[in-house]
Amino acid sequence: MDRATPLRCLLTNDDGLDAPGLAALEDALPDGSEKLVFAPERERSACSHQVTTDRAFGVRRVSRRRYAVDAWPADCVRVALHQFASRFDWVLAGINHGANLGADVFYSGTVAAAREAALFGLPSIAVSHYRDRVLSARDWRRAAAWTRDLLQWLLERPPGRGEIWNVNLPSLPPGPASPEWVECDLDPSPLQLAYSVEGGDFHYEGLYSKRRREPGRDVDVCFRGGISVSRLSLG
């Protein structure tokens with residue numbers, strides 16, 4: 001990417017400031033980018049688009065351009081924009097420790113952070129990483145490399161106003177494979193409703209890898225080993 005001025009990015013997530021996926025996202029930024037990190041001080045996964053309006057919350061400066069926020073991912077974006085609104089070209093959320101495919105986008109704090117940015121008219125990208133439990137643990141260095149290549153393409157294609165890019169990296173065996181990027185629609189299939197009941201308490205038992213999927217949509221693309229790239233709209 002050839003820019004006369006450095007790319008100015010706000011980074012956040014829902015896994016917390018110390019999450020390896022956030023470090024991988026930082027590594028994926030184009031060379032010379034300027035970054036500011038506002039992330040929850042602890043994990044806030046599956047929090048959806050919650051915001052804090054009924055209590056005060058802390059914002060702790062960890063280093064010159066890193067802040068830990070005692071609130072939700074959407075709050076991280078709100079606070080950062082309130083303080084630095086004129087300084088960002090993009091808002092990037094992730095890399096999430098788990099997929100955000102199909103119906104997941106309604107539950108995800110990562111996607112909510114990107115969506116909050118879009119509400120303020122800023123282009124944003126949510127990046128997540130699926131892992132099939134049969135395969136090995138995530139390789140965050142490889143995930144950063146995949147994301148870096150894709151960002152070169154996406155940052156030249158900002159979504160329209162009120163839209164975000166939602167990206168999901170696949171789960172692949174160890175190796176040098178470079179998955180194909182596939183621009184595709186969101187899969188509207190619901191998640192499995194599977195519970196065990198013990199002593200009157202319900203425990204969710206749905207198998208993520210066995211969820212329904214429509215051919216060619218984001219769940220199918222990612223489960224088949226591609227990188228799904230979906231344009232989501234607020235409308």
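In the predicted model, helix α3 (residues 109-119) is largely enclosed by the rest of the structure, because 10 of its 11 residues are buried, that is, under 20% relative accessible area. The buried positions are Gly109, Thr110, Val111, Ala112, Ala113, Ala114, Arg115, Glu116, Ala117 and Ala118. These residues pack against one helix, α2 (73-84), and against the strands β1 (8-12), β5 (90-97), β6 (124-129), β7 (163-169) and β11 (227-233).

Both ends of α3 show local features. At the N-terminal end, serine 108 acts as a cap, with a side-chain oxygen placed 3.1 Å from the backbone nitrogen of threonine 110; Thr110 is itself among the buried residues of the helix. Just after α3, glycine 121 adopts a positive phi of about 80°.

The protein chain as a whole comprises five helices and 11 strands. Its radius of gyration is 17 Å, which agrees with the value near 18 Å that a compact globule of 235 residues would have. Taken along the principal axes, the C-alpha atoms fill a box of roughly 50 × 45 × 35 Å. Of the contacts in the protein chain with a separation of 6 or more, 75% are accounted for by residues 24 or more positions apart.

Of the 235 residues, 50% count as buried. The chain exposes about 11,600 Å², of which carbon and sulfur atoms supply 49%. The protein chain carries 29 positive and 31 negative charges, and the mean positions of the two sets lie 3 Å apart.

Key
Residues numbered from 1 in each chain as written. Predicted model: local features only at pLDDT ≥ 70, side-chain atom pairs only at ≥ 80, totals over all residues. Heavy atoms only, no water. Helix = DSSP H or I, 4+ residues; strand = E, 2+ residues; numbered from the N terminus. Rg over C-alpha atoms; globule rule 2.2 N^0.38 Å. Buried < 20%, exposed > 50% of the residue type's maximum accessible area, 1.4 Å probe, protein only. Contact = heavy atoms within 4.5 Å. Areas by Shrake-Rupley, 256 points an atom, 1.4 Å probe, with all protein chains shown as cover. Lys, Arg positive; Asp, Glu negative; His and termini not counted. Charge placed at Lys NZ, Arg CZ, Asp CG, Glu CD. Polar contact = N/O pair within 3.5 Å; in protein donor to acceptor, adjacent residues only side chain to side chain.
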